[in-house]
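Subject: Structure handover and salt bridges

Hi there,

Here is the structure I promised to pass on. Could you have a look at it before reading my notes underneath?

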Amino acid sequence: MANLLSCTLPAAAPSCELRSSFIGEEFSLSTAEFKPRAQNGGLLRIECKESRIGKKPVTVLKGVSVNLDNQTLFVKGPLGELETTYPREIKVECDASGVITISRALDTRRARQMHGLFRTLTDNMIVGVSQGFEKKLQLIGVGYRAALEKTDLVMNLGFSHQVRIPIPEGIKVKVEENTKVSVMGRDKCAVGDFSASIRKWRPPEPYKGKGIKYADEVIRRKEGKAGKKK
């Protein structure tokens, strides 16, 4: 690094001499060029932009009731109830017109990171208790089958034994044509987690496409190895 970049800062005349092996030129920058613009009595004021997602209000859909208790939001709808607790960096407000506003109580890095996240989680709760979420999976392979037995999802995936997965509470599973599985529920995270737990038993392979894939998933196919020419 010493050959690529050398910096000297004389005491009498503060400047920085930079040499770049990529450019092949020398140039000096005066430290006076880096003085920040002073505002409000010499203090530098930095304003951070508000999250584009976080500043959007969440509209409460028809048939959904919302109850805010300190930092905990309770949402109730036709498909059940959900709740979430917000951290102290996030401020939640719900007016009489049925609009939920998510804002930052503190202007910290952590608050900026969570602003858009908790706005999305709040919107998912409203949609989940009123309409619900669904993930569709498809079994591809000779002999691959799925069926429901009481509270378990049973699948034949080419193993010496059947794969039996208990269906968690709040999740509904529907099997069509023995190869199409639909996972439904009011909690988007729970629906996604259970769908992923089904898929991980046989992730789709790239040569013949055998395995369990999401209905809208695109598998990048690979060409098989060609045999030796005689």
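The notes below are about charged side chains and their pairings.

Please keep in mind that this is a predicted model. Searching the whole structure turned up 10 salt bridges, and I will go through some of them here.

Let me start with Asp 107. Which partners does Asp 107 pair with? One is Arg 104, with the closest N and O atoms 3.7 Å apart. Another is Arg 112, where the closest N and O atoms of the pair lie 3.4 Å from each other.

How accessible are these side chains? Asp 107 has a relative accessibility of 49%, so it counts as partly exposed. Arg 112 is also classed as partly exposed, because its relative accessibility is 31%.

Then there is a pair further along the numbering: Lys 174 and Glu 176 form a salt bridge, and their closest N and O atoms are 3.5 Å apart. Lys 174 is partly exposed, at a relative accessible area of 37%. For Glu 176 the relative accessibility is 37%, which means that Glu 176 counts as partly exposed.

Back to the earlier group for a moment: Arg 104, Asp 107 and Arg 112 belong to one network, joined by salt bridges that share partners.

Happy to talk it through whenever suits you.

Best wishes

Technical notes
Residues are numbered from 1 along each chain as its sequence is written. This is a predicted model: local features need pLDDT of at least 70, side-chain atom pairs count only at pLDDT 80 or more; totals for chains, interfaces and linings use all residues. Side-chain values use heavy atoms; hydrogens and water are left out. A salt bridge is a side-chain nitrogen of Lys or Arg within 4 Å of a carboxyl oxygen of Asp or Glu. Buried means under 20% relative accessible area, exposed over 50%, partly exposed in between (1.4 Å probe, protein chains only).
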